[in-house]
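Hello,

Below is the structure I said I would pass on. My notes on it follow.

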Amino acid sequence: MPSTVEQLSPSRAKLTVEIPFADLQPHLTKAYREIAQSVTIPGFRKGKVPSAVIDQRFGRGVVLQEAINAALPTAYGEAVDANKLVPLGDPEVEITKLEDGDLVEFVAEVDVRPELTLPGFDSLAVTVDVLADLESEVDSRIEMMRERFATTTEVDRPAAEGDVVTIDLAGTRDGEALADATAEGITYKIGSGGMLDGLDEAVTGLSAGESADFSSTLVGGPLTGEPADIHVTVSKVSEQQLPDLDDEFAQLVSEFDTVEEMRADLTTGVEQMLRAEQLNNARDKVLEDLVGQVEFELPAKLLAAELEARHSQVEEQLKGAGLTLERYLETAEDEEADSPEAFWAVVDSRAEQSLRAQILLDAIADEHEVGVEQHELTDLIVRKAQSSGSTPEQELQHMMEHNHMSAWMQEIRRNKALGLILAQATVTDTDGATVEVAPAAPEADADEEAEAPAEA
């Protein structure tokens, strides 16, 4: 089908496409047949209504419209391929000429991927943190395992660090009780943190039946971030006994017979986890470096849609956590933004960079003719099931029901494209040592970024 293209901007094109009537005829025939099957006209059997009668009863224009609508997707797709365009959204289509028996002409304006000038991947260089001390990480995990199997014994003495106390809390402000800051029978290990600031100091040295008062900032619930006066009463003090780190413990908590075997297996797992974290950090930084080196125009509508989606996602997260944005900014310790305007500016910047990364990775995947094997899609489905706590069968059903196959295959292609980049980039740690980054980690997701407030 004849077509021409006009580049309206680096990221938008206008296609003018002609559909000869010879190409439209099969769709006209089908349209007449379907209309004949769906209507009842006296004197004619269903499905046997002549075309002329249909034209007389319903109008030739109705049939033409049906045929044109059926022919448009194929004609548009062929024009896109012929002009080597990569659409980044749905086209805006307008019929500009209709000459019955001769041709149909339509114009389609669409956002397209602009021409990209990619740097040599070997010019990319990033630095990541050195691996955490392996022995310390293993020791920490073993200690956590021992604490999960610890026993407690009630004692008649003042509470000390490491003891487990049962406490009642009553919050007030200006002498008025705060119902949402009152709780009874809470079990708390002194020194573990995670509750009210000042609680450790208040209960340390108290025996069962004794109380103390302190001021703090509330955490959790509708009063999060609000100041309050807290009255704490200790009802029980218990001493925690950790199980001995021996072969019997190893057999209790693992599949191994000895502590040495358990520790060796744990060491292998922890090392793999630490290296995966380092590798994912390298992937993020290499992609960020690439995005920073390639300037190109983003389609305005595509960017606006991405920003709207990100805003909606964040607002849903806040709503689900029972927080306003202002309250989140007041209470989130790791949030750098100090105002809603600054927060949304960060969200918008991340969304734009993520969109740029996706476009770059798609272009690289196309250039290197990156394909997707069946086992790669299967592996992705298995990983998604593990991540969501479902089964591969459930994830497969979800993919089919929601038509996610194309998006999931695109996810795989982007990750493979990022693997190609990473294989040529230079990655060193802060000590100057070269970090091995090949092959690419399959579990990393190149086109998804952690979006604040994920912790909300």
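Asp23 is found in helix H1. With a relative accessibility of 34%, Asp23 counts as partly exposed. Its C-alpha atom is separated by 8.5 Å from that of Met1, and the two residues are 22 apart along the chain. Please keep in mind that this is a predicted model.

Helix H1 (21–38) also takes part in the largest nonpolar core. That core has 32 residues, and Leu24 and Phe106 are those with the most contacts inside it. Besides H1, the elements that give two or more residues to the core are strand S2 (12–20), helix H2 (51–58), helix H3 (60–82) and strand S4 (103–111). H3 provides the largest share, 10 residues. As a general point, nonpolar side chains in soluble globular proteins tend to be buried together.

Two residues have a positive phi without being glycine. One is Asp174, with phi near 55°; this residue sits in the loop between strand S7 (164–173) and strand S8 (176–189). Asp174 counts as exposed, because its relative accessibility of 73% is over 50%. The other is Glu369, with a phi of about 50°, in the loop between helix H10 (340–367) and helix H11 (374–388). Glu369 is exposed too, at 72% relative accessibility.

On the surface, Asp197, Glu201, Glu333, Asp334 and Glu336 form a negative patch. Of these, Glu201 is placed in helix H5 (residues 199–203) and is exposed, with a relative accessible area of 60%.

Regards

How values were computed:
Residues are numbered from 1 along each chain as its sequence is written. This is a predicted model: local features need pLDDT of at least 70, side-chain atom pairs count only at pLDDT 80 or more; totals for chains, interfaces and linings use all residues. Side-chain values use heavy atoms; hydrogens and water are left out. Patches are made of residues with over 30% relative accessible area and no salt bridge: like charges are joined within 9 Å, nonpolar side chains (Val, Leu, Ile, Met, Phe, Trp, Tyr) within 5 Å. Accessible areas come from the Shrake-Rupley method with a 1.4 Å probe; for residues, only the protein chains shown count as cover. A salt bridge is a side-chain nitrogen of Lys or Arg within 4 Å of a carboxyl oxygen of Asp or Glu. Lys and Arg count as positive and Asp and Glu as negative; His and the chain ends are not counted. The place of a charge is taken as NZ of Lys, CZ of Arg, CG of Asp or CD of Glu. Helices (H or I, at least four residues) and strands (E, at least two) are DSSP runs, numbered from the N terminus. Buried means under 20% relative accessible area, exposed over 50%, partly exposed in between (1.4 Å probe, protein chains only). A nonpolar core is a set of buried Ala, Val, Leu, Ile, Met, Phe, Trp, Tyr and Cys residues joined through side-chain atoms within 4.5 Å.
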